[in-house]
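Good morning, and thank you for joining this group meeting. Please keep the sequence and the structure in view while I speak.

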Amino acid sequence: MSSNAKHLHSIDAGHYKNTAGCETEVMPIPDIVKISMSQNIGAPCKPLVKKGDEVKVGQVIGDTDAFVSVPVHASVSGTVTGIETQRNAMGGMDTLVVIEPDKKQELSDEIKVPEITDMDSFVAAVRASGLVGLGGASFPTHIKFNPKNKDEVDTFIINGAECEPFITSDHRTMLEDTQNVIDGALEIMKYLETSQGYIAIEENKPDAIALFDKMIAEQGITNLKTFKLQARYPKGAERVLIYEVTGKECPAGVLPADLGVIVSNVTSVAFFGQYLKDGIPLIKKRMTVDGDAVKTPKNIIAPIGTQIHDVIEFCGGYKTAPKKILMGGPMMGRAIFSDQMPIVKNNNAILAFSEEQAYIPEETACINCGRCHQACPFNLLPTGLAEAYENHDAQMLSDLQVMQCMECGSCSFVCPARRPLAFMNKLGKGIVKEAGIK
């Protein structure tokens, strides 16, 4: 992060929080689920079941001995009808366990309320739950909650910013699972031994802020409080959030724990709070379904592995033919090639846009207006980075700190020439890595 980090800029885009007032609806069990074995950053799991096996809800159906990984559980009870491969939103291939539900939702005998007595059993319980970062990153949470310098960590930040346009699933979590957030936070803080905790929420969610303030006060909690953020994208980005709450700068390559901070998404914390009570692992997900191609936008809870077309059908189907479907938000989400793809743990939204709303004007020449530089949260120079990328100049990309870019898309969004600046930065990082520049 540059020395000018205290003057962080961010774009004031339309928020489009159309479903903020929509209470979450639970989707019926679909006729088929396809559960990916690649639901976290790191190593994919190996299927532990085969065609013809009977499975129950919460049963471990995929795991690996790799360090950076978590188990995958059956979200439904039923019969395994096959093991398939399918291309994912990143362009790679995923292994899918296909299950035909019996609609009984019988719980596995493996499910039990975790017994947590010390740090080791705490970390083991987090891993056993299958929890990954539910804000989109999908980093295994048990690794994040077990920093090497735990004695230096004193601050726990719960990320309830939800700064991406359209998405309101975290907002609904804060309103509907408030006690689980508090319970999860206090247990996490207990074993991390942090002295202070903050629930960071953008000011466009005053109902969530007021509810947390009320419940925290009523329960006499003194080490956890809300922190109001300005409602401007990308306040919820981890490195930006750390600066906003603590004033500490977190350059690329520096772990939050190195600054004495642990950050976790509010839905991750809420899930863990519930897991402490019933022992049911991560098998379902709350998501926002929106976009002008969707007939009835909603917030829903669906079993992990539900195919996207079934989710859309639950929301009334398509109002018009979608030109683009996103997993995630319009700024950092990923466009997908088919609505036959299944939802995964870190899905927080499915957005379907018509050709009119998805239209991107043709790229034109840069006019050196400087808007991209003003919009960058880390004061980078996107025009200079774009030129270095186009020249395949690894040293210049490094000198202009392309590795600091978090690919938030702010520069691309504000560019009047519609240049794909953030995407060029993403490719530019690859050039730097290939050149071996540290």
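A residue is called buried when its relative accessible area is under 20%, and exposed when that area is over 50%. Please also bear in mind that this is a predicted model.

I shall begin with the cysteines. At 1% relative accessibility, cysteine 250 falls under the cut-off, so it counts as buried. How many disulfides does a search of the whole structure find? The search finds zero. For cysteine 250, the closest cysteine sulfur belongs to cysteine 376, and at 15 Å it is too far for a bond. Cysteine 372 is likewise in no disulfide; its nearest cysteine sulfur, in cysteine 369, is 6.3 Å away. A disulfide would need the two sulfur atoms within 2.5 Å. Cysteine 372 has a relative accessibility of 6%, and therefore counts as buried.

Let us turn to the nonpolar cores. The largest one has 42 residues. Which residues have the most contacts inside it? They are Phe122, Phe156, Ile158 and Phe272. Two or more residues of this core come from each of these elements: helices 1 (119-128), 4 (178-192), 5 (206-218) and 7 (266-278), together with strands 9 (155-160) and 10 (196-202). If we set aside neighbours within four places in sequence, isoleucine 158 is in contact with several residues, including Val181, Ala185, Tyr198, Leu224 and Val269. Another core, of 19 residues, lies apart from the largest one; among its members are Ala293, Val294, Ile308 and Ile350.

Next, I would draw your attention to a charged residue. Glutamate 187 lies in helix 4. This glutamate is buried, yet it has no salt bridge. Lysine 190 offers the nearest side chain of opposite charge, 4.8 Å away, whereas a salt bridge requires the atoms to be within 4 Å. Not counting residues up to four places away in sequence, glutamate 187 touches Ile116, Phe122, Phe272 and Leu276. Two of these names, Phe122 and Phe272, appeared in my account of the largest core.

Finally, there is a sheet to consider. Three strands, in the order 3-5-6, make up an open sheet with antiparallel pairing. Why is one side of strand 3 (46-47) and of strand 6 (72-73) left without a neighbour in the sheet? Both stand at the edges, and each has a single partner strand, so one side remains unpaired. Strand 5, residues 60-63, pairs with strand 6 over two bridges. Here valine 60 stands opposite histidine 73 of strand 6.

Terms used:
Residues are numbered from 1 along each chain as its sequence is written. This is a predicted model: local features need pLDDT of at least 70, side-chain atom pairs count only at pLDDT 80 or more; totals for chains, interfaces and linings use all residues. Side-chain values use heavy atoms; hydrogens and water are left out. Two strands pair if DSSP finds at least two bridges between them. Helices (H or I, at least four residues) and strands (E, at least two) are DSSP runs, numbered from the N terminus. Buried means under 20% relative accessible area, exposed over 50%, partly exposed in between (1.4 Å probe, protein chains only). A nonpolar core is a set of buried Ala, Val, Leu, Ile, Met, Phe, Trp, Tyr and Cys residues joined through side-chain atoms within 4.5 Å. Contact means heavy atoms within 4.5 Å. Lys and Arg count as positive and Asp and Glu as negative; His and the chain ends are not counted.
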